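Welcome aboard! Please open the structure in your viewer and keep the selection tool handy; we will go from stop to stop.

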Amino acid sequence: MNGDLERLVLSGEQIQQKVKEAAAWLDERFAKADTPPLAICVLRGSVFFFCDLVRTMQTPVQLDFMTVSSYGGSTQSSGAPEIVADLSASVQGRDVILVEDIVDSGHTLVRMRELIEGRGARSFTAVTLFDKPSRRQVSVKADFSCFEVGDEFIVGYGLDYDQQYRNLPYVGVLKREIYEKKN
């Protein structure tokens, strides 16, 4: 385990088991779709989850990417998610699967749902690796959440602190002294 972590929360094997469950849930949901859904990866945090998820799915999907920022170098959501890089594909009349790393305050998910539905998507399905309801500031919930986590700052498997720790193949709690010395 990385020395900057207080403790391990989830192993790579536990994560992969939930990825399979999420893929099976999506396969069932879109089994009768007449066109491939558009799977959107919210960069950067969900990239590992997204890649593993769409590779595990049996349903054909098309892929697109967005960059949305709400944390910057902080451990707290700003509450005002900013779209840094927008989609290249149209969502008009499409079934959309939004793949998120974590639903924390909920502001990003609300903003993304409003944006996608406002652009004329036929349906909107949100899948998240982590749900942190203890931090929720708005009433929103993903359609499928792999894990519920407590109010701790976790990193790994795409989740970062100041652009570090994303590449860890597991998830752990970051030691407070790592992020408190910067703030």
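Start by selecting glutamate 117, which you will find in helix α3 (residues 107–118); helices here are DSSP runs of H or I with at least four residues, strands are runs of E with at least two, and both are numbered from the N terminus. Glutamate 117 is partly exposed, at 43% relative accessibility; buried means under 20% relative accessible area, exposed over 50%, and partly exposed in between, with a 1.4 Å probe and protein chains only. Now add isoleucine 15: its C-alpha atom is separated by 30 Å from that of glutamate 117, and the two residues are 102 residues apart along the chain.

A word on the model before we move on. It is predicted, so local features need pLDDT of at least 70 and side-chain atom pairs count only at pLDDT 80 or more, while totals for chains, interfaces and linings use all residues. Residues are numbered from 1 along each chain as its sequence is written, and side-chain values use heavy atoms, with hydrogens and water left out.

Next, select helix α2. Its buried residues are Phe49, Phe50, Asp52, Leu53 and Val54. Show the surroundings too: among the elements covering these buried residues are α1 (12–29), β2 (38–43), β5 (95–103) and β7 (144–148), where contact means heavy atoms within 4.5 Å.

Now for the rings. Rings of Phe, Tyr and Trp (its six-membered ring) pair if their centres lie within 6.5 Å; planes under 30 degrees apart count as stacked, over 60 as edge-to-face and the rest as tilted. How many aromatic pairs does this rule give? The count comes to seven. One of them joins phenylalanine 48 and tyrosine 157, a tilted pair with 6.3 Å centre to centre and 35° between the planes. Phenylalanine 48 lies in helix α2 (residues 47–56) and tyrosine 157 in the loop between β8 (154–155) and β9 (171–174), so this pair ties together parts that are 109 residues apart in sequence. Phenylalanine 48 is partly exposed at 34%, whereas tyrosine 157 is buried at 6%.

Stay with α2 and select phenylalanine 50 with phenylalanine 65: their ring centres are 5.5 Å apart and their planes are at 65°, so the pair is edge-to-face. Phenylalanine 65 sits in strand β3 (residues 62–69), 15 residues from phenylalanine 50. Phenylalanine 50 is buried, with a relative accessible area of 1%, and phenylalanine 65 is partly exposed, with 35%.

For a last selection, pick Phe153, Tyr161 and Tyr179, which form one aromatic cluster.
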